[in-house]
Amino acid sequence: MRQPLKLHSSIALSALGVGAFLLAWEALARSGIVPSGLLPSPSAVPGAFLTEFRSGTWQAMVFASLSHYLSGLALGTVLGITFGTAAATWGIWDAFQAWVVRMLRPIPSIAWIPFAIIWFGVSKSAATFLIALTVFWINYYATYSAVRGVDKDLIELGHAFGQGGLIPRLFKIVLPGALPGILAGVRAGLGQGWMTVVAAELFGISGLGARMSDASGLLATHIVVLYMVTIAALYGVCDFLFMQVQQRVLAWQK
Amino acid sequence: MAKVNGTNVNGSAVIDLRGVAIGYGAESPPVLVDVDLSVERGSFVAIVGPSGVGKSTLLRVVAGLHTARAGAVTIHETKKPGHRPVSLVFQDARLLPWRRVAKNVRFGLEGLPISTAEREERVAAALRLVRLDDYGRRWPYELSGGQRQRVGIARALAVDPDILLMDEPFGALDAITRHSLQDELLRIHRETGKTVLFVTHDLEEAVHLADRIIVLGGSPARIVQDVRNEPGRESGGFREQVEQLRSGIADNYSI
């Protein structure tokens, strides 16, 4: 058994770890072992940020990517939870769609990029489509197994107390019971969604990924690193906010 | 099998079982056969017998959760609005963990044609009855096993049932909690006058609580004893009654 750390020592150790990582990186970049064009030093990133921020590029890219991300995330999450719940609760539908799901599931979202561009052009809709696709599958499977995993005894309880009809059963037992698993899926989608944002934008749809692609073409690696850090920070903020909501919604868990 | 919701035709009987047989799956032989049982309104009937004789399933047949293989089940429900004819207390309390205590008690009242004010009043009254007045805002995980079971009883009583079905409700509790809840249940039975059908494998519990004890035994099982009982652990014949039931079960117990 591991000894649990006190909160302040755990925070201190995390900060120490990040500091050590940055120092090692800076040392490696300055040592000249790696050519400076290949590995920018972390100390170059604040300067890059100021330049990008003053020109308004940073804000514009963040806004563009966030709007792709949020619309794709919302669409994929809602559809994934809906279809996952339907498949898990309705046997006929489950059997009907099972093989379609098996065929479509293994295709990674980025493999849909050609079609996304043919159908939607190099546009916000194309990015939204790709992100929604990624997020959809995560939520579909998380919801499916969460709903299937709801305690059958609680379903019996519903029947015993007049809540056995489809609507009360779904909204008073199945979905609340599956909620922890569904929210775990939403959270996983939150992370995977960002990966698809970058992948979609590398193909030219304006945003953080496109800016990184442009900068790397000019060997402006410190700009690339700036946007990598930006994505990490945006993901961190999204995940942190979601965790706050999740803790509140699942306050009934021990 | 016919399930009839009729008005009272058989004196004061609230449950009438006629020739009820129970099995699991069409292929397997029935586990319980020839159950003829009339339960009088207001009585406290214990059903005892070894594991596997279908005690809990018989309770579920009365609750309408399981369909009998054969026979007729009649519930003579009082036709009053805003109540459910039967309600069930489970061995595992079975609270919805995402609902606070008061909302768990409210569960069976949802969908009944009663006003919000009456609903809240009935929730409060049920919690008072099980002495958990101040626990409405707690989450189930904050309760002890005994308190959780009290909430389960309050939830069952809140729907004002004709029949309270209890499926080994104290089976998972420690001895001290079990004894105190048994006494609470006797008090609640006295105060509410509800008909109770109580499944247990604990003969002493049956003799302590019930005014009538039905013993199931044999293979396939059937009713082997149907005895009147003076409830209470202090009553004179307590030991004799327990021993008599024990030997009755042993005679009919085939392994």
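**Note on a two-chain salt-bridge network, pockets and a surface patch**

1. Starting where the chains meet: B:R94 and A:D153 pair up through their side chains in a salt bridge, with 3.6 Å from N to O. B:R94 sits in the loop between β6 (86-89) and α2 (101-106) of chain B, while A:D153 belongs to helix α7 (residues 152-160) of chain A, so this contact joins two chains. Keep in mind while reading that this is a predicted model.

2. How covered are the two partners? B:R94 has a relative accessible area of 8% and is buried, because the cut-off for that is under 20%. A:D153 comes out at 31% relative accessibility, so this residue is put down as partly exposed, the class between 20% and 50%.

3. B:R94 has another partner in its own chain. It makes a salt bridge with B:D92, and here the closest N and O atoms are 3.2 Å apart. B:D92 is partly exposed, at 38% relative accessibility.

4. Which residues does the wider network take in? A:D153, A:E156, B:R60, B:D92, B:R94 and B:D167 are all linked by salt bridges. I would look at this group as a unit when going through the model, with the B:R94 to A:D153 pair as a place to begin. Over all chains, the salt bridges number 28.

5. Away from that network, there is a pair within chain B worth a look. B:E184 and B:R131 form a salt bridge whose closest N and O atoms are 3.1 Å apart. This one ties together distant parts of the chain, 53 residues apart: B:E184 is in helix α5 (residues 175-192) of chain B, and B:R131 is in the loop between α3 (116-129) and α4 (145-158) of chain B. On the helix side, B:E184 is buried, at 13% relative accessible area. On the loop side, B:R131 is partly exposed, at 48% relative accessibility.

6. Now the overall build of chain A. The chain has 10 helices and 0 strands, so read from the N terminus its elements go α-α-α-α-α-α-α-α-α-α. Its C-alpha trace spans about 75 × 55 × 30 Å along the principal axes. Chain A has 254 residues, and 43% of them count as buried.

7. The largest pocket has a volume of about 350 Å³. There are 16 residues in its lining, and those closest to the centre are A:F83, A:L104, A:L133, A:F136 and A:W137. Three helices of chain A, namely α3 (57-89), α4 and α6 (124-148), each supply at least two lining residues. Of these, α6(A) has the largest share, with 6 residues. What is the chemical make-up of this lining? There are 14 nonpolar and 2 polar residues, with no charged ones.

8. The second largest pocket comes to about 220 Å³. Its lining includes A:A88, A:T89, A:V147, A:R148 and A:K152, along with A:L166, A:R169, A:L170 and A:V174. Helices α3, α6, α7 and α8 (166-202) of chain A each give at least two residues to the lining, and α8(A) gives the most, with 4. By class, the lining of this second largest pocket is made up of 7 nonpolar, 1 polar and 3 charged residues. Charged residues are thus part of this lining, whereas the lining of the largest pocket has none.

9. Where is there a nonpolar patch on the surface? A:W99, A:V100, A:M103, A:L104 and A:I107 make one of about 500 Å². A:L104 turns up twice in this note: in the patch and among the residues closest to the centre of the largest pocket. A:I107 lies in the loop between α4 (91-104) and α5 (113-120) of chain A. This residue counts as partly exposed, at 33% relative accessibility.

10. Last, the enclosed space. How many cavities of 30 Å³ or more are there? The count is 1, and the volume of the largest cavity is about 30 Å³. Its lining is in chain B: B:V39, B:E40, B:S43, B:V45, B:D211, B:R212 and B:R228. Sorted by class, that gives 2 nonpolar, 1 polar and 4 charged residues.

Definitions and conventions:
Residues numbered from 1 in each chain as written. Chains lettered and ligands numbered in written order. Predicted model: local features only at pLDDT ≥ 70, side-chain atom pairs only at ≥ 80, totals over all residues. Heavy atoms only, no water. Salt bridge = Lys/Arg side-chain N within 4 Å of Asp/Glu carboxyl O. Buried < 20%, exposed > 50% of the residue type's maximum accessible area, 1.4 Å probe, protein only. 1 Å grid on protein atoms, 1.4 Å probe; cavity = no way out; pocket = protein on both sides within 12 Å on 5 of 7 lines; lining within 4 Å. Points joined across faces, edges and corners; volume = space filled by probe spheres on them. Nonpolar A, V, L, I, M, F, W, Y, C, P; charged D, E, K, R; others polar. Patch = residues over 30% accessible without salt bridge, like charges linked within 9 Å, V, L, I, M, F, W, Y side chains within 5 Å. Areas by Shrake-Rupley, 256 points an atom, 1.4 Å probe, with all protein chains shown as cover.
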